[in-house]
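This briefing describes one protein chain by its helices, its strands and the contacts between them. Please look over the sequence and the structure before reading the points below.

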Amino acid sequence: RPLLLLLPATSPSSPLRRLLPPLSCHAREVLDVIPQRDGGDGSDRAPRAKGAGTNGATAAQVGVAREAGTKGRQGRSRHGGVARRWRRGEDRLARGERAADGEVQGKRWREGPTRDGELIERREARQARGGTLARESGKAGNLARGESQASGNVSKKGKKKAKGSENEGKLRVELDMCSKRGDVMGAINLYDSAVKEGIRMGQHHYSVLLYLCSSAALGFVQPAKSGNSGSGIASIGQLSSSSTESVGNLKCNDVSEGHSEDQERSKTDLFASDDDVTEKPSRIPVSDELREYARTRGFEIFEKMCSEEEKVPMSEAALTAVARMAMSMGNGDMAFDIVKQMKDQRIAPKLRSYGPALTAFCNSGNVEKAFEVEAHMLESGVRPEEPELETLLRASVVTQQGDRVYYLLHKFRTTVRQVSPSTAKLLEVWFRSSTASKVGKRKWDADAISKAIENNGRGWHGLGWLGRGKWTISHTHIDKNGVCLDCGEKLAIIDLDPKETEDFAKLVAKLAIKRERRSNFENFQKWLEKHGPFEAVVDGANVGLFSHKHLSLSKINIVADVIRQRFQSRKFPLIVVHNRHLTGERMQKLSNRKLAEKWKQSNAIYATPTGSNDDWYWLYAAIRCKCLIITNDEMRDHTFQLLERDFFPKWKERHQVRFNFEDSCVTLQMPPPCSVVIQESEKGQWHIPISEDGLLEKDRTWLCVTRRN
């Protein structure tokens with residue numbers, strides 16, 4: 001049954017009113033727990049949260065806190081008296097803490113001397129003294145009184161403006177603290193106090209409030225700095241239990257014969273692991289009552305943010321939070337419409353903006369709409385990552401759509417190259433189903449398949465499923481020659497073609513020139529043309545600083561000597577190092593001077609100039625020379641710069657050599673004997689690498705998927 005909401009003071013033309021469904025009886029029951037704001041009998045009520053953390057405050061405690069805060073404000077003089085010490089309020093009460101004297105502490109935004117307040121008082125005192133001196137000097141009459149009155153008015157305006165800015169700053173700090181603690185009720189109470197006291201809220205205030213309300217509406221609150229959620233669908237969590245059950249409860253006749261027991265065991269393992277992977281210790285679960293309350297208040301806060309009197313600029317974070325609240329109701333259309341509105345408001349959507357709509361559609365089994373969301377992502381320049389692709393894959397497996405599964409396999413190939421263990425289990429569920437055994441071409445043109453593989457750079461053809469019959473899935477390894485130990489297939493080595501290499505080198509040079517002094521990098525390009533090509537490039541800083549505080553030239557020399565022994569020419573590799581490492585006390589050592597001189601005589605060292613980033617130099621040299629690069633640097637910065645280029649991971653895999661030192665001996669980890677990426681053979685077989693951290697390439701697990709006949 002859909003959750004229906006009634007928001008206060010909502011005009012018929014409001015954009016939120018057009019998105020929300022009409023009120024239901026269930027929603028009217030929810031409204032019974034919303035705090036009343038007419039100030040009547042002070043009987044504000046909030047739900048009793050059964051979750052952990054500050055969300056455990058009772059309605060009675062919150063009511064007492066508000067009453068105490070009201071009494072404190074009533075008893076305070078507006079024009080005199082000594083300012084009281086500012087104290088924490090309802091957020092502390094929500095955690096069950098009490099003041100030493102047993103009295104409940106309320107929020108008093110306008111109390112408490114601060115540095116700004118003291119400066120204001122001093123300024124007022126100086127102005128008052130100035131007015132007294134003016135009167136004593138004989139400037140009497142209407143003119144003096146008029147000037148004094150004007151001065152007083154200006155002083156009051158300045159005081160009011162400074163006080164308002166001070167209160168807004170305090171509110172921001174307190175809301176940020178609530179976000180860091182995951183304190184939903186504390187943040188809502190701060191919002192209520194700010195509205196009652198007329199404190200103006202800005203974009204940041206509303207973003208934090210909406211983030212906390214949307215998180216609670218999803219059933220958990222994850223503490224985050226300033227209301228920042230993670231990127232992508234991973235910040236929302238996995239699919240609901242209903243979707244999980246729909247995959248786990250595939251009918252027995254949809255499982256290949258002889259594999260039903262393995263199929264059920266795989267499903268159990270798959271969906272049991274999802275909770276383990278997704279659930280994080282820092283997440284604070286909330287009760288169903290608080291979920292509804294937070295969602296209702298969240299829409300109310302968003303409505304106020306959109307109101308004419310507030311005139312708060314809209315942000316991607318705020319709209320994404322509203323989309324998350326729509327997802328909590330299962331309303332994928334509303335979540336998707338909100339993302340579409342971002343473009344109309346000239347707001348660039350992020351990956352996380354699409355998560356709510358994508359999840360809602362996949363949860364409901366509306367695969368067509370889910371792929372519409374994916375298409376909109378691509379049009380907006382947003383690339384789905386593995387969590388988004390896995391969500392689409394899960395929905396496609398549930399609805400038994402073979403073409404969609406084939407499309408997603410190639411999306412995994414180009415986007416993440418290897419799959420996570422959870423995605424691997426989901427693929428096993430698909431390949432063991434009877435639907436998978438029935439999809440595929442019985443006859444195909446072998447020459448056309450071979451030509452497509454060659455044109456694509458080897459490793460895949462992309463022409464659809466080949467063959468019919470049941471699939472066999474095994475976990476295997478690849479030997480040192482790149483041969484599958486299960487089926488004997490020789491996997492492909494996929495490298496850049498000459499045109500891609502040339503384009504890649506030009507792109508890196510263009511980025512480097514933007515970030516470096518043009519003359520510095522152009523001088524390096526000329527030097528490389530004169531003394532190159534090289535068979536390997538050494539990232540001198542990365543090698544020389546391995547387990548060292550100061551750069552060790554002897555370690556660089558060890559690596560250079562080992563790598564040159566692999567080449568017939570025995571030519572020294574190019575060593576790129578910043579010039580600061582070749583000056584100073586370390587160069588007073590005779591052995592260091594000899595090494596540097598030996599490399600210079602061989603034209604095997606390039607010292608990058610002061611103020612430059614040596615990463616651009618060794619990266620460009622390795623691409624330009626089509627050679628190996630010895631470094632443990634993951635090149636993440638470069639990856640982000642070049643993310644739109646699909647061939648960068650391809651190049652890195654084929655050219656990076658990692659190293660490790662044990663005592664004075666170095667071990668080099670050469671590029672793998674085949675490309676570690678999802679591969680599709682001309683016979684329709686699949687080899688799918690599973691991403692595993694900390695293992696050598698020879699120990700990596702692959703899924704080998706072949707037809708039985």
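## An enclosed helix and the chain around it

Helix α26 (residues 614-624) is largely enclosed by the rest of the structure, because ten of its eleven residues are buried. The model is a predicted one. The protein chain has 28 helices and twelve strands, and buried residues make up 51% of its 709 residues.

**Helix α26 and the chain**

- The buried residues of α26 include the aromatic-named positions Trp616, Tyr617, Trp618 and Tyr620.
- Also buried in α26 are Asp614, Asp615, Leu619, Ala621, Ala622 and Ile623.
- Lys626 follows α26, and its phi is positive, near 55 degrees.
- Contacts across the protein chain can be sorted by separation in sequence: of those between residues at least 6 apart, 73% join residues at least 24 apart.

**The six-stranded sheet**

- Strands of a sheet pair through backbone hydrogen bonds, either parallel or antiparallel.
- An open sheet of six strands runs in the order β6-β5-β4-β7-β8-β9, and its pairing is mixed.
- β6 (605-608) and β9 are the edge strands, each pairing on one side only.
- From one strand to the next, the twist averages 25 degrees.
- Helix α22 (residues 518-531) packs on the sheet, where it touches β5 (574-578) and β6. The direction of α22 makes about 175 degrees with that of β6.
- Helix α24 (residues 553-564) also packs on the sheet, touching β4 (536-539), β5, β7 (628-630), β8 and β9. The direction of α24 makes about 55 degrees with that of β9.

**Strands β8 and β9**

- Strand β8 (residues 656-662) pairs with β9 in the antiparallel sense, over five bridges.
- Phe659 stands opposite Leu668 in β9, and Asn660 has Thr667 of β9 as its bridge partner.
- The hairpin of β8 and β9 has two residues between the strands, and Asp663 in this hairpin takes a positive phi near 60 degrees.
- Strand β9 (residues 665-669) has two faces: Val666 and Leu668 are on the covered one, while Cys665, Thr667 and Gln669 are on the uncovered one.
- Leu668, opposite Phe659, is thus named on the covered face of β9, and Thr667, the partner of Asn660, on the uncovered face.

**Helices α13, α14 and α16**

- Two packed helices are described by the angle between their axes and the distance between the axes.
- The axes of helix α13 (residues 332-344) and helix α14 (residues 351-364) cross at roughly 155 degrees and come within 8 Å. Angles over 145 degrees count as roughly antiparallel, so α13 is roughly antiparallel to α14.
- The crossing of α13 and α14 is left-handed.
- On the α13 side, the contact has Gly332, Asp333, Ala335, Phe336, Val339 and Met342. These meet Ser353, Tyr354, Pro356, Ala357, Ala360 and Phe361 in α14.
- By class, the contact of α13 with α14 has nine nonpolar, two polar and one charged residues.
- Helix α14 also packs with helix α16 (residues 386-398): their axes come within 10 Å and cross at roughly 10 degrees. The two helices are therefore roughly parallel to each other.
- Leu351, Leu358 and Cys362 of α14 make this contact with Glu388, Thr391, Leu392 and Ala395 of α16.
- The residues of the contact of α14 with α16 divide into five nonpolar, one polar and one charged.

**Helices α17 and α18**

- Helix α17 (residues 402-415) and helix α18 (residues 421-431) pack at an angle of about 150 degrees, and their axes are 12 Å apart. This angle makes α17 roughly antiparallel to α18.
- The crossing of α17 and α18 is left-handed.
- Gly402, Val405, Leu409 and Phe412 of α17 make the contact with Thr423, Leu427, Trp430 and Phe431 of α18.
- Six nonpolar, two polar and no charged residues make up the contact of α17 with α18.
- Helix α18 also holds Glu428, which is buried, with a relative accessible area of 8%.
- Glu428 and Thr472 are 44 residues apart in sequence, and their C-alpha atoms are 9.6 Å apart in space.

Methods: Residues numbered from 1 in each chain as written. Predicted model: local features only at pLDDT ≥ 70, side-chain atom pairs only at ≥ 80, totals over all residues. Heavy atoms only, no water. Axes fitted to C-alpha atoms, helices over the stretch in contact; angles between N-to-C directions. Helix = DSSP H or I, 4+ residues; strand = E, 2+ residues; numbered from the N terminus. Parallel < 35°, antiparallel > 145°, perpendicular 65-115°, else oblique. Left-handed = near helix turned anticlockwise from the far one by under 90°. Contact = heavy atoms within 4.5 Å. Nonpolar A, V, L, I, M, F, W, Y, C, P; charged D, E, K, R; others polar. Buried < 20%, exposed > 50% of the residue type's maximum accessible area, 1.4 Å probe, protein only. Pairing = 2+ DSSP bridges.
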